[in-house]
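Colleague: I have not looked at this one before. Can you walk me through it?
Modeller: Sure, have a look first and then ask away.

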Amino acid sequence: MEYKADIGVFGGSGFYSFLEDIEEIRVDTPYGAPSDKISIAAVEGKRVAFLPRHGRDHRLPPHMINYRANVYAMKKLGVTRIIGPCAAGSLQPHVKPGDFVVCDQFVNRTWGRRDTFYDGPITTHIGAAEPYCPEMRELAIKCAKKLDLPVHERGTVVVVQGPRFSTKAESREFSGHGWEVINMTQYPEAILARELEICYVNISLITDYDVGLEGNPDIEPVSHEAVIKVFNENIGNLRKLLIEIIKEIRVDKRDCICSEALKTARL
Ligand SMILES: [Zn+2]
(Lines give C-alpha, C1' and ligand atoms only; values in the text may rest on other atoms or scores of the structure.)
Protein backbone atom coordinates (compact mmCIF):
# COMPACT_ATOMS: atom_id res chain seq x y z
CA MET A 1 0.00 0.00 0.00
CA GLU A 2 1.24 3.49 -0.75
CA TYR A 3 2.26 5.78 2.09
CA LYS A 4 -0.81 7.47 3.56
CA ALA A 5 -0.29 8.94 7.04
CA ASP A 6 2.28 9.98 9.68
CA ILE A 7 0.07 10.28 12.74
CA GLY A 8 -2.80 8.06 13.90
CA VAL A 9 -5.61 8.97 16.29
CA PHE A 10 -7.94 6.42 17.92
CA GLY A 11 -11.22 8.01 18.95
CA GLY A 12 -12.95 6.56 22.02
CA SER A 13 -16.51 6.56 23.37
CA GLY A 14 -18.30 9.73 22.26
CA PHE A 15 -15.54 10.63 19.79
CA TYR A 16 -16.44 9.30 16.37
CA SER A 17 -15.27 12.01 13.99
CA PHE A 18 -12.29 14.32 14.06
CA LEU A 19 -11.09 15.37 10.62
CA GLU A 20 -12.51 17.47 7.79
CA ASP A 21 -12.01 17.02 4.04
CA ILE A 22 -11.37 13.35 4.59
CA GLU A 23 -10.52 10.49 2.34
CA GLU A 24 -12.08 7.30 3.71
CA ILE A 25 -10.28 4.04 3.16
CA ARG A 26 -10.81 0.44 4.10
CA VAL A 27 -7.62 -1.23 5.31
CA ASP A 28 -7.26 -5.00 5.50
CA THR A 29 -4.82 -6.66 7.87
CA PRO A 30 -3.59 -10.23 8.51
CA TYR A 31 -5.42 -9.98 11.87
CA GLY A 32 -8.83 -9.20 10.40
CA ALA A 33 -10.72 -5.97 9.84
CA PRO A 34 -10.19 -2.80 11.91
CA SER A 35 -13.17 -1.34 13.82
CA ASP A 36 -14.20 0.85 10.87
CA LYS A 37 -13.04 2.61 7.74
CA ILE A 38 -10.12 4.95 8.40
CA SER A 39 -10.43 8.69 7.68
CA ILE A 40 -7.36 10.42 6.34
CA ALA A 41 -6.83 14.17 6.09
CA ALA A 42 -4.16 16.85 6.25
CA VAL A 43 -3.89 18.65 9.59
CA GLU A 44 -1.29 21.38 10.12
CA GLY A 45 0.61 20.09 7.10
CA LYS A 46 0.69 16.49 8.38
CA ARG A 47 -1.18 13.43 7.17
CA VAL A 48 -3.44 12.17 9.96
CA ALA A 49 -5.40 8.90 10.10
CA PHE A 50 -8.44 8.67 12.39
CA LEU A 51 -10.15 5.47 13.52
CA PRO A 52 -12.96 5.30 16.12
CA ARG A 53 -11.89 2.26 18.12
CA HIS A 54 -15.47 1.17 18.88
CA GLY A 55 -16.63 1.78 15.30
CA ARG A 56 -18.50 4.98 14.46
CA ASP A 57 -21.81 3.64 15.74
CA HIS A 58 -20.17 2.20 18.90
CA ARG A 59 -21.06 -1.35 17.89
CA LEU A 60 -17.89 -2.85 19.42
CA PRO A 61 -17.71 -2.99 23.23
CA PRO A 62 -14.16 -2.78 24.69
CA HIS A 63 -13.64 -6.55 24.98
CA MET A 64 -14.72 -7.16 21.35
CA ILE A 65 -12.42 -4.61 19.69
CA ASN A 66 -9.84 -6.13 17.35
CA TYR A 67 -6.94 -4.13 18.77
CA ARG A 68 -4.36 -5.95 16.65
CA ALA A 69 -6.18 -5.08 13.42
CA ASN A 70 -6.59 -1.43 14.49
CA VAL A 71 -2.92 -0.94 15.38
CA TYR A 72 -1.65 -2.95 12.42
CA ALA A 73 -3.80 -0.89 10.03
CA MET A 74 -2.07 2.26 11.29
CA LYS A 75 1.33 0.65 10.76
CA LYS A 76 0.34 -0.32 7.25
CA LEU A 77 -0.53 3.31 6.50
CA GLY A 78 2.96 4.38 7.55
CA VAL A 79 1.98 5.85 10.93
CA THR A 80 4.85 6.33 13.43
CA ARG A 81 2.92 8.17 16.15
CA ILE A 82 -0.45 7.27 17.68
CA ILE A 83 -2.48 9.49 19.99
CA GLY A 84 -4.97 7.38 21.96
CA PRO A 85 -7.48 9.58 23.78
CA CYS A 86 -10.14 7.86 25.90
CA ALA A 87 -12.93 8.53 28.36
CA ALA A 88 -11.84 7.33 31.80
CA GLY A 89 -12.87 7.24 35.43
CA SER A 90 -10.98 8.78 38.35
CA LEU A 91 -9.88 6.69 41.33
CA GLN A 92 -8.53 9.63 43.37
CA PRO A 93 -10.32 12.75 44.69
CA HIS A 94 -7.73 15.17 43.24
CA VAL A 95 -8.29 13.84 39.70
CA LYS A 96 -11.56 15.53 38.74
CA PRO A 97 -14.09 15.19 35.93
CA GLY A 98 -12.96 17.41 33.05
CA ASP A 99 -9.27 16.87 33.89
CA PHE A 100 -6.82 15.33 31.44
CA VAL A 101 -4.30 12.68 32.54
CA VAL A 102 -1.27 11.84 30.40
CA CYS A 103 -0.78 8.32 31.77
CA ASP A 104 2.74 6.92 32.21
CA GLN A 105 1.87 3.40 33.43
CA PHE A 106 -0.88 0.83 33.01
CA VAL A 107 -1.99 -2.19 35.02
CA ASN A 108 -3.72 -4.88 33.00
CA ARG A 109 -6.83 -6.47 34.54
CA THR A 110 -8.33 -7.63 31.24
CA TRP A 111 -8.36 -11.23 30.06
CA GLY A 112 -8.70 -13.18 26.85
CA ARG A 113 -7.70 -10.33 24.55
CA ARG A 114 -5.26 -10.96 21.70
CA ASP A 115 -2.42 -8.84 23.02
CA THR A 116 0.64 -9.64 20.92
CA PHE A 117 1.73 -9.78 17.28
CA TYR A 118 4.38 -12.36 18.21
CA ASP A 119 2.69 -15.73 18.66
CA GLY A 120 5.73 -17.56 17.27
CA PRO A 121 7.72 -19.07 15.70
CA ILE A 122 9.84 -15.98 16.38
CA THR A 123 9.78 -15.34 20.13
CA THR A 124 9.87 -11.66 21.03
CA HIS A 125 9.86 -10.13 24.51
CA ILE A 126 9.58 -6.37 24.28
CA GLY A 127 10.34 -4.16 27.28
CA ALA A 128 7.30 -2.54 28.92
CA ALA A 129 8.87 -0.69 31.86
CA GLU A 130 7.89 2.61 30.19
CA PRO A 131 4.87 1.56 28.13
CA TYR A 132 4.08 5.06 26.82
CA CYS A 133 6.34 7.14 24.56
CA PRO A 134 8.34 9.54 26.78
CA GLU A 135 8.73 12.09 23.95
CA MET A 136 5.05 12.09 23.07
CA ARG A 137 4.08 12.35 26.74
CA GLU A 138 6.30 15.39 27.21
CA LEU A 139 4.83 16.98 24.11
CA ALA A 140 1.23 16.31 25.19
CA ILE A 141 1.86 17.83 28.63
CA LYS A 142 3.52 20.89 27.10
CA CYS A 143 0.60 21.42 24.70
CA ALA A 144 -2.04 20.96 27.44
CA LYS A 145 -0.28 23.58 29.59
CA LYS A 146 0.01 25.95 26.66
CA LEU A 147 -3.78 25.69 26.18
CA ASP A 148 -4.31 26.14 29.92
CA LEU A 149 -6.11 22.80 30.28
CA PRO A 150 -6.26 21.00 33.65
CA VAL A 151 -3.64 18.28 33.12
CA HIS A 152 -2.01 15.64 35.33
CA GLU A 153 1.51 14.91 34.14
CA ARG A 154 1.47 11.26 35.09
CA GLY A 155 -0.94 8.58 36.18
CA THR A 156 -1.43 4.84 36.32
CA VAL A 157 -4.44 3.52 34.45
CA VAL A 158 -5.91 0.19 35.51
CA VAL A 159 -7.54 -1.40 32.50
CA VAL A 160 -10.57 -3.54 33.32
CA GLN A 161 -12.34 -6.01 31.10
CA GLY A 162 -15.80 -4.50 31.13
CA PRO A 163 -18.31 -4.07 29.74
CA ARG A 164 -19.66 -3.65 33.27
CA PHE A 165 -18.26 -0.98 35.58
CA SER A 166 -16.48 -1.82 38.88
CA THR A 167 -17.94 -2.97 42.16
CA LYS A 168 -17.20 -0.78 45.19
CA ALA A 169 -14.78 -3.42 46.48
CA GLU A 170 -12.88 -3.54 43.20
CA SER A 171 -12.70 0.25 43.00
CA ARG A 172 -11.48 0.43 46.62
CA GLU A 173 -8.72 -2.02 45.77
CA PHE A 174 -7.60 0.02 42.73
CA SER A 175 -7.62 3.37 44.54
CA GLY A 176 -5.86 1.71 47.54
CA HIS A 177 -2.93 0.91 45.27
CA GLY A 178 -2.66 4.62 44.50
CA TRP A 179 -3.74 4.20 40.87
CA GLU A 180 -5.39 7.27 39.43
CA VAL A 181 -7.35 6.24 36.34
CA ILE A 182 -9.65 3.38 35.27
CA ASN A 183 -10.51 2.50 31.68
CA MET A 184 -11.42 -0.49 29.46
CA THR A 185 -9.39 0.02 26.25
CA GLN A 186 -5.81 1.05 27.05
CA TYR A 187 -4.79 -2.62 27.17
CA PRO A 188 -3.64 -3.99 24.78
CA GLU A 189 -3.84 -0.96 22.45
CA ALA A 190 -0.82 0.84 23.90
CA ILE A 191 1.50 -2.15 24.06
CA LEU A 192 0.58 -3.42 20.60
CA ALA A 193 1.79 -0.07 19.24
CA ARG A 194 5.11 -0.57 21.01
CA GLU A 195 5.42 -4.06 19.49
CA LEU A 196 5.28 -2.39 16.07
CA GLU A 197 7.70 0.38 17.15
CA ILE A 198 5.00 3.05 16.94
CA CYS A 199 5.11 5.84 19.54
CA TYR A 200 1.88 5.89 21.58
CA VAL A 201 0.56 8.47 24.01
CA ASN A 202 -2.64 8.19 26.01
CA ILE A 203 -4.77 11.17 26.95
CA SER A 204 -7.39 10.17 29.48
CA LEU A 205 -10.31 12.58 29.72
CA ILE A 206 -11.83 12.06 33.16
CA THR A 207 -15.61 11.76 33.01
CA ASP A 208 -16.55 10.37 36.45
CA TYR A 209 -15.49 9.06 39.87
CA ASP A 210 -15.94 5.33 39.11
CA VAL A 211 -18.16 4.09 42.01
CA GLY A 212 -18.36 7.49 43.69
CA LEU A 213 -16.15 8.96 46.41
CA GLU A 214 -15.75 7.45 49.86
CA GLY A 215 -17.53 9.65 52.42
CA ASN A 216 -19.17 11.76 49.73
CA PRO A 217 -22.68 10.40 49.14
CA ASP A 218 -23.57 13.22 46.71
CA ILE A 219 -21.31 11.80 44.03
CA GLU A 220 -23.13 9.13 42.06
CA PRO A 221 -21.49 5.97 40.74
CA VAL A 222 -20.63 6.10 37.06
CA SER A 223 -23.22 5.50 34.34
CA HIS A 224 -22.70 5.37 30.59
CA GLU A 225 -24.97 8.43 30.17
CA ALA A 226 -22.85 10.43 32.63
CA VAL A 227 -19.67 9.46 30.79
CA ILE A 228 -21.03 10.69 27.46
CA LYS A 229 -22.42 13.90 29.01
CA VAL A 230 -19.09 14.95 30.58
CA PHE A 231 -17.20 13.79 27.51
CA ASN A 232 -19.37 15.95 25.24
CA GLU A 233 -18.83 18.97 27.52
CA ASN A 234 -15.06 18.57 27.13
CA ILE A 235 -14.67 17.28 23.60
CA GLY A 236 -13.88 20.80 22.33
CA ASN A 237 -10.86 20.95 24.64
CA LEU A 238 -9.77 17.48 23.55
CA ARG A 239 -9.94 18.45 19.87
CA LYS A 240 -7.92 21.61 20.54
CA LEU A 241 -5.31 19.57 22.40
CA LEU A 242 -5.03 16.97 19.64
CA ILE A 243 -4.57 19.66 16.96
CA GLU A 244 -1.89 21.36 19.06
CA ILE A 245 -0.03 18.07 19.55
CA ILE A 246 -0.24 17.27 15.83
CA LYS A 247 1.10 20.74 15.07
CA GLU A 248 4.10 20.20 17.36
CA ILE A 249 5.06 16.65 16.32
CA ARG A 250 8.21 16.49 14.24
CA VAL A 251 7.46 13.60 11.92
CA ASP A 252 10.99 13.47 10.49
CA LYS A 253 12.72 12.78 13.78
CA ARG A 254 12.45 10.22 16.65
CA ASP A 255 14.97 9.63 19.44
CA CYS A 256 12.74 7.62 21.80
CA ILE A 257 12.78 4.02 23.08
CA CYS A 258 9.76 3.13 20.93
CA SER A 259 11.62 3.40 17.65
CA GLU A 260 14.07 0.70 18.76
CA ALA A 261 11.73 -1.56 20.75
CA LEU A 262 12.58 -4.68 18.76
CA LYS A 263 16.36 -4.27 18.90
CA THR A 264 16.70 -5.88 22.32
CA ALA A 265 13.48 -7.88 22.23
CA ARG A 266 14.37 -11.08 20.37
CA LEU A 267 15.81 -14.16 22.01
ZN1 LIG B 1 8.32 7.13 21.05
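**Strand S11 and the annotated sites**

Modeller: This is a predicted model. One place to begin is Gly89, whose bridge partner in S11 is Asp208.

Colleague: Which strand pairs with S11 in the parallel sense, and over how many bridges?

Modeller: That is strand S5, residues 81–90, which pairs with S11 over nine bridges.

Colleague: And which strand pairs with S11 in the antiparallel sense?

Modeller: Strand S6, residues 100–101, does so over two bridges. Phe100 has Leu205 of S11 as its bridge partner.

Colleague: How many residues of S11 are buried?

Modeller: 10 of the 10 residues are buried, so S11 is largely enclosed by the rest of the structure.

Colleague: Asp208 came up a moment ago. Which residues does UniProt list with Asp208 for "binding site"?

Modeller: The unreviewed UniProt entry lists Met184, Asp208, Tyr209 and Asp210 under that name.

Colleague: Where is Tyr209 found?

Modeller: Tyr209 lies in the loop between strand S11 (199–208) and helix H5 (224–248). Asp210 has its place in the loop between S11 and H5.

Colleague: Is Tyr209 buried or exposed?

Modeller: Tyr209 counts as buried because it has 25 C-beta neighbours inside 10 Å. For Asp210 there are 25 C-beta neighbours inside 10 Å, so Asp210 counts as buried.

Colleague: What does Tyr209 contact, leaving aside its neighbours within four places in sequence?

Modeller: Tyr209 is in contact with Gly89, Ser90 and Ile219 on that basis. Not counting residues up to four places away in sequence, Asp210 touches Gly89, Ser90, Leu91, Ser166, Ser171, Ile182 and Val222.

Colleague: Any other annotation? What does the "binding site" annotation with Ser13 cover?

Modeller: According to the unreviewed UniProt entry, that annotation covers Ser13, Arg53, His54 and Thr185. These residues are spread over 173 residues of sequence but cluster in space, with a largest C-alpha distance of 10.1 Å.

Colleague: Take Ser13. Where is Ser13 found?

Modeller: Ser13 is in the loop between strand S1 (7–11) and strand S2 (23–25). It is counted as buried because 22 C-beta neighbours fall inside 10 Å.

Colleague: What does Ser13 touch, not counting residues up to four places away in sequence?

Modeller: The residues are His54, His58, Ala87, Val227, Ile228 and Phe231. His54 is also one of the residues in the annotation with Ser13.

Colleague: And where is the place of Arg53?

Modeller: Arg53 sits in the loop between strand S4 (46–52) and helix H1 (67–76). With 27 C-beta neighbours inside 10 Å, Arg53 counts as buried. Beyond residues up to four places away in sequence, Arg53 touches Phe10, Gly11, Gly12, Ser35, Ile65, Asn70 and Thr185.

Colleague: Changing topic: in which helix is Tyr187 found?

Modeller: Tyr187 is in helix H4, residues 186–195.

Colleague: Why is Tyr187 called buried?

Modeller: Tyr187 is called buried because 24 other C-beta atoms lie within 10 Å, and the cut-off is 20 or more.

Colleague: What does Tyr187 touch, leaving out residues up to four places away in sequence?

Modeller: Tyr187 touches Phe106, Asn108, Thr110 and Val159.

Colleague: Phe10 was in the Arg53 list. What separates the C-alpha atoms of Phe10 and Tyr187?

Modeller: The separation is 13 Å, while the two residues are 177 residues apart along the chain.

Methods:
Residues are numbered from 1 along each chain as its sequence is written. This is a predicted model: local features need pLDDT of at least 70, side-chain atom pairs count only at pLDDT 80 or more; totals for chains, interfaces and linings use all residues. UniProt positions are given in the numbering used here, feature names are shortened, and annotations may be inferred rather than shown by experiment. Helices (H or I, at least four residues) and strands (E, at least two) are DSSP runs, numbered from the N terminus. A residue is buried if 20 or more other C-beta atoms lie within 10 Å of its own, exposed if 12 or fewer, and partly exposed in between; C-beta atoms are placed from the backbone. Two residues are in contact if their C-beta atoms, placed from the backbone, lie within 7 Å. Two strands pair if DSSP finds at least two bridges between them.
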